Amino acid sequence: VVANAEVLVIVAHPQIEQSRANRRLMQTASALQRSETARVAVRDLYALYPDYLIDVDAAAISLVFDGASAGTLGSSGGSARIYDELQFTLGEGPCLDAFRLREAVLVSDLGSSDAFARWPGFAHEATQAGAFAAFAFPLQVGTAPFGTVELYRSEPGGLSARDTAIA
């Protein structure tokens with residue numbers, strides 16, 4: 001029961017069996033959950049909410065403090081980590097804008113003249129690396145922002161209303 005847990009472990013991966021790190025986390029947390037001494041609750045978001053998959057190719061969660069990256073907390077793979085880190089290296093991009101503005105930044109075409117005008121370095125580097133759409137959502141507790149969730153596509157195109165609502 002989550003209410004009595006001292007530790008809540010949330011696992012979120014669409015194909016957990018293909019992720020060694022997430023699979024190992026789930027196994028360790030489940031073993032702790034069965035122990036007599038630890039009070040651990042494990043929740044696999046994709047198992048609990050299978051209809052909440054979002055149509056994107058890559059995702060990352062970043063921690064941000066005072067506009068500077070504290071690191072990528074998690075990513076769906078190497079490409080997401082690259083796109084995420086490009087923004088902090090270049091000092092521009094949808095992730096930083098979402099954090100600063102405290103609102104979603106949805107870019108359906110990173111190759112557009114608008115994207116290149118807004119983030120010339122990031123738009124160029126991201127499209128060269130294979131990202132052609134980016135969607136960044138701020139994370140905050142109360143009024144205190146602490147990071148962002150970024151979603152990426154390898155082809156231009158916007159998020160559906162359903163996917164935007166889920167994100």
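Let me start with the salt bridge between Arg100 and Asp97, whose closest N and O atoms are 3.2 Å apart in what is, I should say at once, a predicted model. Arg100 and Asp97 are three residues apart in helix H4, and are therefore separated by about one helical turn. The two partners are placed in contrasting surroundings, since Arg100 counts as exposed at 56% relative accessibility, whereas Asp97, at 10%, counts as buried.

Asp97 also forms a salt bridge with Arg118, with 3.1 Å between the closest N and O atoms. Because Asp97 lies in helix H4 and Arg118 in helix H5, residues 113–118, this pair ties together parts that are 21 residues apart in sequence. Arg118 itself is partly exposed, at 43% relative accessibility, and Asp97, Arg100 and Arg118 are thus linked in a network of salt bridges. In addition, the side chains of Asp97 and Trp119 are joined by a polar contact of 3.0 Å.

How many salt bridges does a search of the whole structure find? It finds three, and one of them joins Glu85 and Arg81, with the closest N and O atoms 4.0 Å apart. Glu85 and Arg81 are four residues apart in helix H3, so about one helical turn separates them; Glu85 is partly exposed at 38%, and Arg81 is partly exposed at 33%.

Turning finally to how the helices meet, the axes of H3, residues 78–90, and H4, residues 94–101, come within 8 Å and cross at roughly 70°, and the two helices are therefore roughly perpendicular to each other. In that contact, Asp84, Gln87 and Phe88 of H3 meet Pro94, Cys95 and Leu96 of H4, which by class gives four nonpolar residues, one polar and one charged.

Note on methods. Residues are numbered from 1 along each chain as its sequence is written. This is a predicted model: local features need pLDDT of at least 70, side-chain atom pairs count only at pLDDT 80 or more; totals for chains, interfaces and linings use all residues. Side-chain values use heavy atoms; hydrogens and water are left out. Axes are lines fitted to C-alpha atoms, for helices over the stretch in contact, and angles run from 0 to 180 degrees between N-to-C directions. Angles under 35 degrees count as roughly parallel, over 145 as roughly antiparallel, 65 to 115 as roughly perpendicular and the rest as oblique. Contact means heavy atoms within 4.5 Å. Ala, Val, Leu, Ile, Met, Phe, Trp, Tyr, Cys and Pro count as nonpolar, Asp, Glu, Lys and Arg as charged, and the others, Gly among them, as polar. A polar contact is a pair of N or O atoms within 3.5 Å; within protein, one must be able to donate a hydrogen and the other to accept it, and residues adjacent in sequence count only if both atoms are side-chain atoms. A salt bridge is a side-chain nitrogen of Lys or Arg within 4 Å of a carboxyl oxygen of Asp or Glu. Buried means under 20% relative accessible area, exposed over 50%, partly exposed in between (1.4 Å probe, protein chains only).
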